[in-house]
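Please open the model in your viewer and keep the sequence beside it, since each stop on this tour begins with something to select.

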Amino acid sequence: GLRGFCAATVMDKPVPGLKDADEGLRAAEAFLKKWSGDPLIVPALGPHAAYTVGPETLLRVKALADRYRAPITIHAAESPSEMEMVKAQYGTTTVAHLEKLGFLGSNVTLAHAIWLSDGEIATLAARGVGTAHCPSSNMKLASGVSPVPKLRKAGVRAGLGTDGPSSNN
């Protein structure tokens with residue numbers, strides 16, 4: 001009876017078994033087709049992060065998720081270094097970048113969601129975005145703590161996540 005929320009990774013660079021975003025999106029669609037409707041597995045799309053997945057690919061992920069009515073999970077506002085990379089690439093914060101793209105919606109869950117301004121929390125609430133605090137990963141990486149009480153007070157769904165194998169044993 002164990003249930004799983006499992007996301008197919010999509011990145012613009014090679015990942016094990018996939019050479020680029022095109023292959024990642026094809027594999028992700030096959031994953032959605034295989035597991036959609038399963039009583040125990042919720043198939044999702046997992047574009048890694050705004051600094052590893054460009055705007056065009058993020059919009060393709062969103063379109064695929066919309067077509068299959070699938071959830072999306074993405075690392076966002078995880079660390080100061082991530083925030084610096086996104087600002088260098090796009091001139092803004094991760095949440096503002098995703099909002100500008102029209103990526104945020106009620107099917108999106110931000111993994112980590114630590115480094116958020118009050119305005120970004122309001123944006124997440126307005127768009128119905130959820131968050132997944134990953135405390136064991138965040139402690140291992142010394143990333144910080146998600147402002148769960150503040151998120152909940154603003155009406156943002158806040159749950160627990162495990163992160164991936166690279167940052168959590």
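Begin with the whole protein chain in cartoon view, where there are seven helices and six strands; helices (H or I, at least four residues) and strands (E, at least two) are DSSP runs, numbered from the N terminus. Read from the N terminus on, the elements follow the order β-α-β-α-β-α-α-β-α-β-α-α-β. This is a predicted model, in which local features need pLDDT of at least 70 and side-chain atom pairs count only at pLDDT 80 or more, while totals for chains, interfaces and linings use all residues. Residues are numbered from 1 along each chain as its sequence is written, and side-chain values use heavy atoms, with hydrogens and water left out.

While everything is still selected, consider the overall dimensions: the C-alpha atoms fill a box of roughly 40 × 40 × 35 Å along the principal axes. The radius of gyration, taken over C-alpha atoms, is compared here with a globule rule of 2.2 Å times the number of residues to the power 0.38. For 169 residues a compact globule would have a value near 15 Å, and the protein chain agrees because it has 15 Å. Buried residues make up 42% of the 169 residues, where buried means under 20% relative accessible area and exposed means over 50%, with partly exposed in between (1.4 Å probe, protein chains only).

Now select residues 4–10 and residues 41–47, which are strands β1 and β2, and see that they pair in the parallel sense over seven bridges; two strands pair if DSSP finds at least two bridges between them. Within this pair, A8 stands opposite L45 of β2. Add residues 21–35, helix α1, through which the chain crosses from β1 to β2 in a right-handed β-α-β crossover. Right-handed means that, with the strands pointing away from the viewer, the path from the first strand over the helix to the second runs clockwise.

Move next to residues 108–112, strand β4, where five of the five residues are buried, so the strand is largely enclosed by the rest of the structure. Which strands lie alongside β4? β3 runs parallel to β4 and is joined to it by five bridges, with A76 having H112 as its bridge partner in β4. β4 also pairs in the parallel sense with β5 (residues 130–133), over three bridges, and here L110 stands opposite T131. The chain crosses from β4 to β5 through helix α5 (residues 118–127), and this β-α-β crossover is right-handed.

Then select residues 80–90, helix α3, and colour E82, M83 and V86, its buried residues. Seen down the axis of α3, they fall within an arc of 100 degrees, so they line one face of the helix; the arc is that of the directions from the helix axis to the C-beta atoms. On the other side of α3, E84, K87 and A88 are exposed. The cover over the buried residues of α3 includes β3 (72–76) and α4 (94–101), as judged by contact, meaning heavy atoms within 4.5 Å. After α3 comes G91, whose phi is positive, near 75 degrees.

Finish with α4, where T94, V95, H97 and L98 are buried. These residues cover an arc of only 160 degrees around the axis, which puts them on the same side of α4. Their cover includes α2 (55–68), β3, α3, β4 and α5. Following α4 is G102, whose phi is positive, near 80 degrees.
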